[in-house]
Amino acid sequence: MSALEATDPDIFHIIQSERRRQREDLELIASENYTSAAVMEATGSVLTNKYAEGLPGKRYYGGCEEVDKIEELARSRAIQLFQVDGCEIGANVQPHSGAQANGAIYLATLKPGDVLLGLDLSNGGHLTHGSSANSSGKIYHAVHYRVDASGRIDMDQVREVALRERPKLIMTGASAYPRFWDFAAFRSVADEVGAILVADIAHVAGLVATGHHPNPFPHADYVSTTTHKTLRGPRGGLVLAKADRMKGLNSAVFPGLQGGPLLHVIAGKAVAFGEALRPSFKDYSAKVLENAQVMAETLMEQGFALVSGGTDNHLMLLDFSERPYSGKDAEEALGKAGITVNKNTVPNEKRSPFITSGVRIGSPAMTTRGMGKAEARQIALWITEALEGWQKPEVLASVRQRVQALTAGFPVPGL
Ligand SMILES: *Cc1c(COP(=O)(O)O)cnc(C)c1O
């Protein structure tokens, strides 16, 4: 980055510090990952100079011959990753983020005031699933289902809410739900009330693409996702839909919601999708699950309560309702120990969303560094030690030293 260093040393040095942070600390935020050097090269390329409103072959600008090929490759690889037999789907790779992907689906299907049913935010749902703080909760009439006392989605309750509220659209998917989704069961509720079914697989997309999580197709009408979580691409969004819904969806993305697509990011998505189609990515996803299992089992063996009693995917939620510290305290203590997590609300949360009673822990980023079951167990024991000594700076500093010795042995690909 010699040009950057010469032109803008301020930004250059901050990026260098962030690079060091990413290398030295242990990244356990469930929604983060490390992209490959190839993805970063494509994302940092000359493609950022190009306008290309419209779709390949139907642009509002000249000079799009090369970028058309890139977007076509991104689309066809996305379809290949998520398609199932007997269900024709299309893809739009232009949404700038997961939130934009959901906004486009709503714009394509709902009118202001229509009823939208999604998982409650404090139960693991996402802001864009009808939170009052988000446009989805301001424009549409949002209603919610919740998890039951065991921390799982109860389909009888989903059906009851749906029959009472008659949603036009049912959202599945979450940011903090450690269990599989039963898309077939949601489809039958949707059919009973005549609703459109959407699966937001932002978190589990990489697991879906490799067969480690149920695929929402053929049940869902639309599937939205981010490209930067378990799918390990650049920051961005993606929508897939049944073929007959693509025309309306495409015009909701552009000109409905966005202007020009970010072709440099779309190139990064294409590279990541290509990587995800390889057998090595399937092995990676299997290890993501294995590492999450080992961390969950070790933490439970050490006496921690996990929401729903474990995990089926890449993440787990520690519930501190019965502990002296909050999610915020735990996030801060683990941060001092070199372990990055995020505080998270738990079902039946009693503290505010800024304090919370839980933390969310995920295995995708550590697994990308090549860490396996032995490291996963060790990390869970360090988390235990740090939380037991959450008010003792010397304990946190000592854990930090051991964490950094471990991360030094597992270089981040692409850094
Ligand atoms: C992360 C996430 C999103 C939003 O993604 P952004 O790219 O941050 O806008 C949407 N839905 C779910 C379920 C998510 O977890």
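**Exercise 1. Find which polar side-chain atom lies 2.8 Å from an oxygen atom of the ligand, and then describe the surroundings of the ligand.**

Solution. A polar side-chain atom of Ser 175 lies 2.8 Å from an oxygen atom of the ligand. The model is a predicted one, in which local features need pLDDT of at least 70 and side-chain atom pairs count only at pLDDT 80 or more, while totals for chains, interfaces and linings use all residues. Residues are numbered from 1 along each chain as its sequence is written, and side-chain values use heavy atoms, with hydrogens and water left out.

Next, look at the other atoms of the ligand: an oxygen atom is 2.8 Å from a polar backbone atom of Ala 99, and a nitrogen atom is 2.6 Å from an N or O atom in the side chain of Asp 200. Taken alone, the ligand exposes 390 Å² (accessible area by the Shrake-Rupley method with a 1.4 Å probe), and the protein buries 84% of that.

Finally, the residues around the ligand include His 126, His 203 and Lys 229.

**Exercise 2. Describe how domain 1 and domain 2 are placed and what joins them.**

Solution. Begin with the bounds, which come from an automatic or database domain assignment: domain 1 covers 42-276 and domain 2 covers 282-407. Their centres, taken over C-alpha atoms, are separated by 28 Å. The contact (heavy atoms within 4.5 Å) takes 20 residues from domain 1 and 23 residues from domain 2.

Then consider the buried area, meaning the accessible area (1.4 Å probe) that two parts lose on being put together, summed over both; between these domains it is about 1,900 Å², of which carbon and sulfur atoms give 56%.

Last, search for a salt bridge, defined as a side-chain nitrogen of Lys or Arg within 4 Å of a carboxyl oxygen of Asp or Glu. The rule finds one across the interface of domain 1 and domain 2. Asp 312 forms a salt bridge with Arg 179, with the closest N and O atoms 2.9 Å apart.

How values were computed
A residue is near a molecule or strand if one of its heavy atoms lies within 4 Å of it. A polar contact is a pair of N or O atoms within 3.5 Å; within protein, one must be able to donate a hydrogen and the other to accept it, and residues adjacent in sequence count only if both atoms are side-chain atoms.
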